Amino acid sequence: MTTPEPNGQPHDALFRLVFGDPDNTASELRSVLPPRLTARINLDNLRPQPGTFVDPELQHRHIDLLFRTTTDNGDAYLYLLVEHQRTSDPAMALRMMTYQTRIWEHHRITEGTAASAPLPLIIPIVIYQGHRHWTAATDIADLIDNDLKADAGDLLPHVRYLVDDLTLLDDAALRARPLTSAARITFVVFARAPGDDDVTTWLDQWFDDFIRLTALWNHERLLKGIFTYLLKTSTTPEEHLIRFAGTLGPTAQEAAVTTAEQLHDRGYATGQSSLLTNMLAVKFGALDNDTHDRVAHATQEQITLWSSRLVQGAETLDDVFRS
């Protein structure tokens, strides 16, 4: 069994795996955008864009993906931001306005467009998976001092973003959405898995979606990503998950077994890395970030070699890490 991870990384990995695929993102956009707008945007030609616009200090709370496409009148960007916190972010309207500005600036620089050229449409969407409903302002105008709003008139800025609050979706609403099976399963496990004692008590309610997923060309990678998330964020016994995977077929069961084994190996390696880091700090004092990163990303063979050198009396960090 594994314990829940509070840092959001399992969420990041699964979200990027699933929604980095334009087909899955397009299905989410068809679910939340106004139909008239959807009809004018080419969702069959979403192109992932490199980079992130989230502030580094907020990366433990947010993950973002940017897609570019065309409309019947030019370019457009679809910006997806996932909120990992249990409560909504009161400053999100300001953050989203900042991110949109960065995207526009990046577009003008990379495209070399004239200052007089129209800006492409950006549709910002926050996908929220907390434990309480989203309550934060969705328009920058709502963050402005109330005493001045009445007299500001047309000077009051309005920059909005769309929130897809997963806490408001029951099973019927989720099934009614035109989502791909991978997207639907991801939303289900986001909402239900963290902290659950045994996810297999409800996974079979989504059996049909899992079966459709197993027919995809990349189903093994998707299944391993989903099983990893389930084992990292819940306390489900591994044998229960493997048994459920067996109902989907031998390939799915093998994916579950492999995932469980890999998590055991990673857990052991992480423990060994942490132990070596502590031992180095005891002997050599506070370690810099480069040393922390070097140990954290080392192979098991390197950890064993460096630990042996330390025990054998290495006098300096260079002696520990020498080639």
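1. Twelve salt bridges are present in the structure, a salt bridge being a side-chain nitrogen of Lys or Arg within 4 Å of a carboxyl oxygen of Asp or Glu. The model is a predicted one, in which local features need pLDDT of at least 70 and side-chain atom pairs count only at pLDDT 80 or more, while totals for chains, interfaces and linings use all residues. Residues are numbered from 1 along each chain as its sequence is written, and side-chain values use heavy atoms, with hydrogens and water left out.

2. One of the salt bridges joins the side chains of Arg40 and Asp72, at 2.8 Å from N to O. Arg40 lies in helix H3 (residues 35-40) and Asp72 in the loop between strand S2 (62-71) and strand S3 (74-83), so the pair ties together parts that are 32 residues apart in sequence; helices (H or I, at least four residues) and strands (E, at least two) are DSSP runs, numbered from the N terminus. Arg40 counts as partly exposed at 46% relative accessibility, whereas Asp72, at 54%, counts as exposed; the classes are buried under 20% relative accessible area, exposed over 50% and partly exposed in between, with a 1.4 Å probe and protein chains only.

3. Helix H7 (181-192) takes part in two further pairs that deserve attention. The side chains of Arg192 and Asp171 meet in a salt bridge of 2.8 Å, N to O; because Arg192 lies in H7 and Asp171 in helix H6 (residues 171-176), this pair ties together parts 21 residues apart in sequence. Arg184 forms a salt bridge with Asp209, with the closest N and O atoms 3.2 Å apart, and thereby links H7 to helix H9 (residues 207-214) across 25 residues. Both Arg184 and Asp209 are buried, while Arg192, at 29% relative accessibility, counts as partly exposed.

4. As for the surroundings of H7, ten of its twelve residues are buried, so the helix is largely enclosed by the rest of the structure; among the buried residues are Ile185, Phe187 and Phe190.

5. Asp198, in the loop between H7 and helix H8 (200-203), may merit a closer look, for it is buried yet has no salt bridge, and the nearest side chain of opposite charge, Arg243, is 6.6 Å away. The side chain of Asp198 does make a polar contact with the side chain of Thr200, at 2.5 Å; a polar contact is a pair of N or O atoms within 3.5 Å, where, within protein, one must be able to donate a hydrogen and the other to accept it, and residues adjacent in sequence count only if both atoms are side-chain atoms.

Methods:
Lys and Arg count as positive and Asp and Glu as negative; His and the chain ends are not counted.
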